[in-house]
Amino acid sequence: MPTTSETKIPVPQSPASPPTPAASPVARFWTLDVLRGIAALGVVVWHYRHFTPFAPSLETERPFNAPLLFFYNSGFVMVDLFFCLSGFIFFWKYAESIQRREIGFRRFLYLRWTRLYPLHLATLLFVATAQFFIHSSHNAYFVYPFNDVRHFVLNLFMVSQWGWEEGLSFNGPAWSISVEMFLYIAFFGVVFAFGRRNALAAVLLAALGWFLYANYYDWILLKATIGEGLVSFFMGGFAYKIYNRATQSGERPTAIAFTASAVAMLAFWTIIYFITYHPGPWAASLGNWFFWTVILGFPTTVLFLALIDHSKTVEAVFRRLAFLGDLSYAVYLLHFPVQLLFFFAVQRIAIDFTHPAVFLLYVGGTVGIAWLAYLGFEVPARRYLRKRFCKP
């Protein structure tokens, strides 16, 4: 799930500590923040299909269909981009502190809980209330059907996709938050247990994740959605390993990594362009394009953009747009509650969801509410919880 690339946790050096490589000059990955914001908006566009019952012609008359076709058709993969970004950022931000035992499991998990839970709880309560009224008047729920006590409890404890559920429930997009919580535990365990030699363990977990996802396993914890998170998260972590090795080794390795990631990224997105706008029998020769997305496309994209940040050549441009990353979590969690507001509005007035103005109202309204929620609730709640209950 989206997390901002906050300033890296400093690692204090004791007199007895062995020397470590020079720290990355990057204090925050502005390009990755922008990418995270774009991914969140991609999910918002993908879920515009939820309005199809109110406008059957939406299947063929989608607003801004040409420029947004990739998100309309394949926006679901933006969640995997979130996982990949999280893997990169967490290996950058936390791995060394965990290896040096500067941060324990309880503190690590508490920091992540205070980042995610306040807004998750608020949206859960809002959606539960809204779906109650919808079911009372329509004898059915909007989009996500499993809104009973059992699934409420699973959502409350952020384990709604750990294998005890029947399907998506309440604020459906929050399924990825549940997977994120599992990934945090797996990440901490790998880094704590293997220290600096965690690259192989990361690759093996990514392979396990792909195996679970590709074979549609549906056991407790060993299930496809957990596997989807594992492969994307740890491929993102592996991308950071390459970034770190290259940037710590001098200009030439950095230039090689930059060139290789640029070529791989451009090749991937060129293929995605043709799959999106010029599909044909030739696409079958690629095999499972989702495999190439999570194994090659997203990791190389993240690596390339991180190396741009390392060079600091266009930092000013991306810095101005980094607010998109700050809002990404709120945009992601609030777009379905905004859809519920549209549902209630449809009961009173006619809305043409094929009209571009309605689409812009939906997207713009989501971003606007997310901005208010970020500044007025998300950040204050996180600060309060960390100041009140977390030692410096």
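Let me begin with a term we will need: a residue is called exposed when its relative accessible area is over 50%, buried when that area is under 20%, and partly exposed in between. Please keep in mind throughout that the model in front of you is a predicted one.

With that cut-off in hand, let us turn to N139, which is found in the loop between α5 (105–138) and α6 (149–156). Is N139 buried or exposed? Its relative accessibility is 62%, and because exposed means over 50%, N139 counts as exposed. The backbone here also deserves a look, and some background helps: most residues other than glycine have a negative phi. In N139, however, phi is near 55°, a positive value in a residue that is not glycine.

A second residue to consider is K312, whose place is in the loop between α11 (289–311) and α12 (315–321). Phi of K312 is near 60°, again a positive value in a residue other than glycine. As for its surroundings, K312 has a relative accessible area of 42%, and because this value lies between 20% and 50%, K312 is described as partly exposed.

Now let us move from the loops to the empty space inside. How many cavities of 30 Å³ or more does a search of the whole structure find? The search finds three, and the largest of them has a volume of about 40 Å³. Among the residues that line this largest cavity are N155, S160, Q161, L168 and W175. Taken by class, the lining of the largest cavity has seven polar and three nonpolar residues, with no charged residues.

Key: Residues are numbered from 1 along each chain as its sequence is written. This is a predicted model: local features need pLDDT of at least 70, side-chain atom pairs count only at pLDDT 80 or more; totals for chains, interfaces and linings use all residues. Side-chain values use heavy atoms; hydrogens and water are left out. On a 1 Å grid over the protein atoms alone, a cavity is a set of points where a 1.4 Å probe fits but cannot get out, and a pocket is an open set with protein on both sides within 12 Å along at least five of seven lines; lining residues have an atom within 4 Å of a point. Grid points are joined across faces, edges and corners, and a volume is the space filled by probe spheres set on the points. Ala, Val, Leu, Ile, Met, Phe, Trp, Tyr, Cys and Pro count as nonpolar, Asp, Glu, Lys and Arg as charged, and the others, Gly among them, as polar. Helices (H or I, at least four residues) and strands (E, at least two) are DSSP runs, numbered from the N terminus. Buried means under 20% relative accessible area, exposed over 50%, partly exposed in between (1.4 Å probe, protein chains only).
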